[in-house]
Every structure is written in C-alpha cells, then in structure tokens.
Amino acid sequence: IEPSSRPGRTHGPARGNGESSHMARVTYTDWTIPVAQIGSRAGQSMEVDKAFPAPGGIGDTIVGITEGSDVQVRGRFDSIVDGLIFTGSFTAPVHAVCTRCDTPLDRDWTAQATAFFPFEEQPDDGKNKDEEVEIFAGEDEAEDVYPLIDRGAFADIEALIRDTFVDARPLQPLCRPDCKGLCPQCGVDLNEHPEHEHKVADMRFAGLAALKEQLEAEEQGDA
C-alpha cells in the first residue's frame, strides 16, 4: 500500500513483539517512492515515470523553478548488493531572465541525475568482506548518496531533485551566446537595434572645446 501523498503525514512502521513503542515514526511526503519490491534481491529494476512537485529552494528570481510546479521524473531504480542506484532525468518548467538584455527565458529544462541509495548497514559476519569492498568500495564517492527510509522500503527523492537542479542551473543565463545586451545609457535592446548609438564627446578634447568657445566669445565681444 502506497503511503499518503500529503506532506507531513506520518505512519509508524510495523512493530514486532518486543520492539519499543517509542520507535521513531517515519515521515512520508510527496517525494516518497516505494522500492521494497526490488530491494529484496540484487539485479532487480523498477521504472519510474511520474510527475512530482518541485521542492522549494531551487534558484532565485533570475533563474529557478517555482515551488510546487510539476517535475517529470523518468528513470530507473536498479538493485545491487548494498543499495539502489537511480539513473534518469528530471524535466521542469524553469523561469529565467537573460542577464544581459532582461528577456524572459521561460522554458522546460531537463537535467540528468544518478544517485546511490544505500541499504542500512548490517552486522558484519566476516564473510566475503574483502570481495564486497573490492566490488562496491567507492560507490559513495562515485555517485551522490541519499538515504532510504523505513528499513529500505522507500526512497525519498526530494533532496535529489533539488540538488540536481541547483547544481545544473546556469549562473548567468543568456538568450543567446552573442547577446548584445541593453544600451547602458537609454536601455534600448541592442539585439533589436544593432545600429543604435549615442554621440559622446571625447573627454580628452573637452578642455580645447571650452577654450574654443571662450575665444569665439571674446572675438564677438571685440567686434
């Protein structure tokens, strides 16, 4: 049974005889995905193609994703000995503004993601320790790591969505690589008016121009 999609609603995991009645409750959210069906044995896979709400904190007024907008998640969870590997893509509507000419750049934005969800560590019985270290050592270093919850029964991808878009977003979005920007004096879009210019006196000759005006005034006075 899938958990409620309402953020903040909690469900306590099943407790067997002898377990403490004060066991920590697990919080399920809109980003929780049931993965118990593939976590029982290595080599199993599960496809994901579903829309999730965008978490908060992705970007700013220049470039970002509005909290709550749909993020289409397409990918796959693969089960290995010590966890789950997620590989896929996230697509979401991004609001952005060209940093040179202020042109709105609202469009769908796709970012690729690969993440490792490790199972909870089990007591080491000393068997095949060296083999497992050789095969899986460095997994945490190679991929982004996110925890599974409720004894590995669920994966929560909220942080993964946020981190993926935050890392991938451009710091200075442009409408095009050769954007000419705006006129610094009057704000005219130089992409639409490439011939636009202002005649500006060369300040190096400003003193001579003032002297010329003074001499011309003196000549007129003598006349």
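**Exercise 1.** Classify Asp150 as buried or exposed, and state what is notable about its phi.

*Solution.* Step 1: Asp150 has a relative accessible area of 17%. Step 2: the classes are buried under 20%, exposed over 50% and partly exposed in between (1.4 Å probe, protein chains only), so Asp150 is buried. Step 3: its phi is near 55°, a positive value in a residue other than glycine. Most residues other than glycine have a negative phi. Step 4: Asp150 sits in the loop between β10 (148-149) and β11 (154-156), where strands are DSSP runs (E, at least two residues) numbered from the N terminus.

The model is predicted: local features need pLDDT of at least 70, side-chain atom pairs count only at pLDDT 80 or more, and totals for chains, interfaces and linings use all residues. Residues are numbered from 1 along each chain as its sequence is written, and side-chain values use heavy atoms, with hydrogens and water left out.

**Exercise 2.** Repeat the analysis for Asp102, giving its phi and its exposure.

*Solution.* Step 1: Asp102 is not a glycine, yet its phi is positive, about 65°. Step 2: its place is the loop between β7 (83-96) and β8 (107-118). Step 3: a relative accessible area of 52% makes Asp102 exposed.

**Exercise 3.** Count the disulfides and explain why Cys179 has no such bond to Cys175.

*Solution.* Step 1: a disulfide is a pair of cysteine sulfur atoms within 2.5 Å. Step 2: the closest cysteine sulfur to that of Cys179 is in Cys175, 3.7 Å away, which is too far for a bond. Step 3: the count is 0 disulfides. Step 4: Cys179 is buried, at 5% relative accessibility.

How values were computed
Helix = DSSP H or I, 4+ residues; strand = E, 2+ residues; numbered from the N terminus.
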